[in-house]
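Please open the structure in your viewer and keep the selection panel at hand. The tour below proceeds from one selection to the next and states what is found at each stop.

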Amino acid sequence: MSSTVEERGNPNTLSYRLFFKNSDGKYVSPFHDIPMYADESQNIFHVVVEVPRWTNSKMEIATKDPLNPIKQDVKKGNLRYVANVFPHKGYIWNYGAIPQTWEDPGHKDGDTGCCGDNDPIDVCEIGTKVCSRGEVIKVKVLGVLAMIDEGETDWKVMAINVEDPEAKDLNNISDIQRLKPGYLEATVDWFRRYKVPDGKPENQFAFNGAFKDKDFAIETIKSTHGFWKALISEKTNAGGLNCKNTCVSAGDSPFCCSTDEAKAVVGRTSPCGTEDHIPCSVDKWFYYEKK
């Protein structure tokens, strides 16, 4: 799956959007139109990079917007940035999502006891390269962490870009522990505490914060793909999600979006303009004692 991105609006403002095009130049949804698998026989998955490592802007696939562009999350009318909680700076991985997956808010997970968070499944890519926003990469899955975010199941898949020079040596969660000691602990610490500067409580985890292995992770991804299939085939109520797509649904589906409709969606946004400055407060470092 080769794709390109088109910026619209002004970066670092509420107007900013990142739309996706396939190799034919056709607008596509990164939520629905990009295949989950890059190579199903080898369990290689596509990941849409939303947040490059070391950055703070909380960018995400806009699941409720037409064509699901990447945009910055908003809270109380302001753009969201993750805090730098000592000793971390921004996101400590390339952070993104696996397309054609969905954590169903109507399904209570048997392991976590909580329903899904209504988003595609999240991925922490641990390779050496800092990826670009909107880049679509192929990854090997290594394991998964079960975070409970405000009562919702929010799986965090650990993975590595197949093109990374270290990929050949990393094949399961135990390899991260062996070759990158401290990284898994740092990942749990990051997710546990990143909302505390915003006045939120620490996040909790199923399995006492232990990572599950590659096989468990792949089965979890497959189950979220099943939930997405039910969503896109109208067997599940979409709620506020926008399921319009240009490649998956047939013409008689209300989710089918024509080429002209897709162009009109993009055309209703502003052309890419001048980038605004990121507030200097984003670089502030927060320190508090671990419990």
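Begin by selecting asparagine 68, which is buried, with a relative accessible area of 0%. The model shown is a predicted one. Asparagine 68 belongs to the loop between strand 6 (59-61) and strand 7 (70-72). Its backbone deserves inspection: phi is positive, about 50°, although the residue is not a glycine. In general, most residues other than glycine have a negative phi.

Next, select glutamate 150, which also has a positive phi of about 50° without being a glycine. This residue is found in the loop between strand 13 (136-149) and strand 14 (152-161). Is glutamate 150 buried or exposed? Its relative accessible area is 56%, and it therefore counts as exposed, the cut-off being over 50%.

**Phenylalanine 86, proline 87 and arginine 193**

Move to the peptide bond that joins phenylalanine 86 and proline 87; this bond is cis, with omega about 10°. As a general matter, most peptide bonds are trans. Proline 87 lies in the loop between strand 10 (84-85) and strand 11 (94-97).

Keep phenylalanine 86 displayed and add arginine 193. A polar atom of the arginine 193 side chain lies 2.7 Å from the backbone oxygen of phenylalanine 86. Arginine 193 is part of helix 2 (residues 183-193) and is buried, its relative accessible area being 3%. Now add tyrosine 288: the charged end of arginine 193 sits over the ring of this tyrosine, 5.0 Å from the ring centre.

Extend the selection to the whole of helix 2. How many of its eleven residues are buried? The number is eight, and the helix is mostly covered. Among the buried residues are Tyr183, Leu184, Trp190 and Phe191, together with Arg193.

**Aromatic rings**

From helix 2, retain Trp190 and Phe191 and add Tyr91, Trp93, Tyr95 and Tyr194; ring pairs link these six residues into a cluster. Across the whole structure, a search finds 15 aromatic pairs. One to examine is that of tyrosine 91 and tyrosine 95, which is tilted, with 5.3 Å from centre to centre and 40° between the planes. Both tyrosine 91 and tyrosine 95 are buried.

A further ring to display is that of tryptophan 54. Arginine 53 lies over its face, at 5.8 Å from the ring centre.

**Salt bridges**

A search of the whole structure finds 17 salt bridges. Select aspartate 73 and arginine 80, whose side chains meet in one of them at 2.9 Å, N to O. Both of these residues are buried.

Continue with lysine 58 and glutamate 60, which form a salt bridge of 3.5 Å, N to O. Lysine 58 is buried, at 15% relative accessible area, whereas glutamate 60 is partly exposed, at 24%.

Then turn to helix 1 (residues 173-179), where aspartate 175 and arginine 178 lie three residues apart, about one turn of the helix. Their side chains meet in a salt bridge of 3.0 Å, N to O. Aspartate 175 is buried at 12% relative accessibility, while arginine 178 is exposed at 53%. Salt bridges that share partners also join Asp149, Glu150, Lys195 and Lys200 into one network; Glu150 is the residue with positive phi visited above.

**Cysteines**

How many disulfides are counted in this model? The count comes to zero. Select cysteine 131 to see one case: the nearest cysteine sulfur belongs to cysteine 124 and is 13 Å away. A disulfide requires sulfur atoms within 2.5 Å, so cysteine 131 is in no disulfide. Cysteine 131 is buried, with a relative accessible area of 3%; cysteine 280, by contrast, is exposed, with 71%.

**Histidine 225**

For the final stop, select histidine 225 in helix 3 (residues 214-232). This histidine is buried, with a relative accessible area of 13%. Which residues does histidine 225 touch, not counting those up to four places away in sequence? They are Met36, Gln100 and Thr101. To end, draw a distance from the C-alpha atom of histidine 225 to that of lysine 26: these atoms are separated by 24 Å, and the two residues are 199 residues apart along the chain.

Key: Residues numbered from 1 in each chain as written. Predicted model: local features only at pLDDT ≥ 70, side-chain atom pairs only at ≥ 80, totals over all residues. Heavy atoms only, no water. Helix = DSSP H or I, 4+ residues; strand = E, 2+ residues; numbered from the N terminus. Buried < 20%, exposed > 50% of the residue type's maximum accessible area, 1.4 Å probe, protein only. Polar contact = N/O pair within 3.5 Å; in protein donor to acceptor, adjacent residues only side chain to side chain. Salt bridge = Lys/Arg side-chain N within 4 Å of Asp/Glu carboxyl O. Phe/Tyr/Trp six-rings, centres within 6.5 Å; stacked < 30°, edge-to-face > 60°. Lys NZ or Arg CZ within 6 Å of the ring centre and 35° of its normal. Contact = heavy atoms within 4.5 Å.
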